[in-house]
Amino acid sequence: PVEDALNDIRSFECADTILGIGYPVYDLMPPNIIMEFVSKLNKTKFQNMAFVFSTYTTNPHDSNYYIIERLQEKGFHVATQENFKAPGTSSYLYSNPDYPIVKGKSVFRTGINQQIDNFVINILDSNNRADIPIQYQRLHKFYQTISKITFGNLFYRNLKKNNNCNNCGQCVKSCPTSNLIIQEGELIIKNTNGCMSCLRCVQTCNKKAINFTSSKRRGSYTREKIENAYNN
């Protein structure tokens, strides 16, 4: 997990090292924890090769370019990047994936197998490719602002537990930022509005005891559902 990598970032001193970064798009942007990881990387002495990919539900916009630009500033040779449309947690947790308006957001992109194959071929051939040019959309600063307003302030607010909580600690194990702790046998949420909103705690809680108060619906985001969406 990237949270472990943050605590053990080493400089890339070997010329054969390849760095791959993959992440889910959070409201048009990479998650903050990914941006933090890239910013803490040491500058490479060998222009190590790197590749970047994301999964997205609605639109990836310029998300990969934020990562690529920082990697290039660190001296990495970023030769290939891709965005893969895939079902998002929000579609399953907070929307009904059977509704027509949601259905298109809870499926994989048509032809994703070929897209993955082509991406792997590009990685293998990346030493013979030029660096990716940064091509931000004209309104990318506007999209950044919208992302901060929606994901950072409007949605996923007021994380709280309900009476179903049995203080098992499963959500604590899944939290990448240690925002959840067990103290004297009781689950404590340290910051109800300052977490990274990855939804891991919401997904892993078998008692459905933790959620954001702004979200009235509560579904499930399971491996079985994702595999069914992929097979179909």
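The following exercises, each with a worked solution, concern salt bridges, cysteines and empty spaces in one predicted model.

Residues are numbered from 1 along each chain as its sequence is written, and side-chain values use heavy atoms, with hydrogens and water left out. Local features need pLDDT of at least 70 and side-chain atom pairs count only at pLDDT 80 or more, whereas totals for chains, interfaces and linings use all residues.

**Exercise 1. Salt bridges**

Task: State how many salt bridges the structure holds, and describe the pairs Lys-40 with Glu-36 and Glu-186 with Lys-161.

Solution.

Step 1. Side chains of opposite charge can pair when their charged atoms come close. A salt bridge is counted when a side-chain nitrogen of Lys or Arg lies within 4 Å of a carboxyl oxygen of Asp or Glu. The structure holds 4 of them.

Step 2. In the pair of Lys-40 and Glu-36, the closest N and O atoms are 3.0 Å apart. Both residues belong to helix α2 (residues 32-40), and being 4 residues apart they are separated by about one helical turn. Helices (H or I, at least four residues) and strands (E, at least two) are DSSP runs, numbered from the N terminus.

Step 3. For accessibility, buried means under 20% relative accessible area, exposed over 50%, and partly exposed in between (1.4 Å probe, protein chains only). Lys-40 is partly exposed at 42%, and Glu-36 is partly exposed at 33%.

Step 4. Glu-186 and Lys-161 form a salt bridge with an N to O distance of 3.4 Å. Glu-186 lies in strand β6 (residues 186-189) and Lys-161 in strand β4 (residues 159-161), so this pair ties together parts that are 25 residues apart in sequence. Glu-186 is partly exposed at 40%, and Lys-161 is partly exposed at 28%.

**Exercise 2. Cysteines**

Task: Determine how many disulfides a search of the whole structure finds, and explain the result for Cys-168 and Cys-201.

Solution.

Step 1. A disulfide is a covalent bond between the sulfur atoms of two cysteines. The criterion is a pair of cysteine sulfur atoms within 2.5 Å, and the search finds 0 disulfides.

Step 2. For Cys-168, the closest cysteine sulfur is that of Cys-171, and at 6.3 Å it is too far for a bond. Cys-168 is exposed, at 56% relative accessibility.

Step 3. For Cys-201, the closest cysteine sulfur is again in Cys-171, 6.2 Å away and too far for a bond. Cys-201 is buried, with a relative accessible area of 10%.

**Exercise 3. Pocket and cavities**

Task: Describe the largest pocket and the largest cavity by volume and lining.

Solution.

Step 1. On a 1 Å grid over the protein atoms alone, a cavity is a set of points where a 1.4 Å probe fits but cannot get out; a pocket is an open set with protein on both sides within 12 Å along at least five of seven lines, and lining residues have an atom within 4 Å of a point. A volume is the space filled by probe spheres set on the points, which are joined across faces, edges and corners.

Step 2. The largest pocket has a volume of about 1300 Å³. Its lining has 49 residues, with Val-25, Thr-57, Gly-88, Thr-89 and Ser-90 nearest the centre. Helix α7 (residues 140-154) gives the largest share of this lining, 4 residues.

Step 3. The search finds 2 cavities of 30 Å³ or more. The largest cavity has a volume of about 100 Å³. Among its 14 lining residues, Cys-175, Pro-176, Cys-195, Cys-198 and Cys-201 lie nearest its centre.
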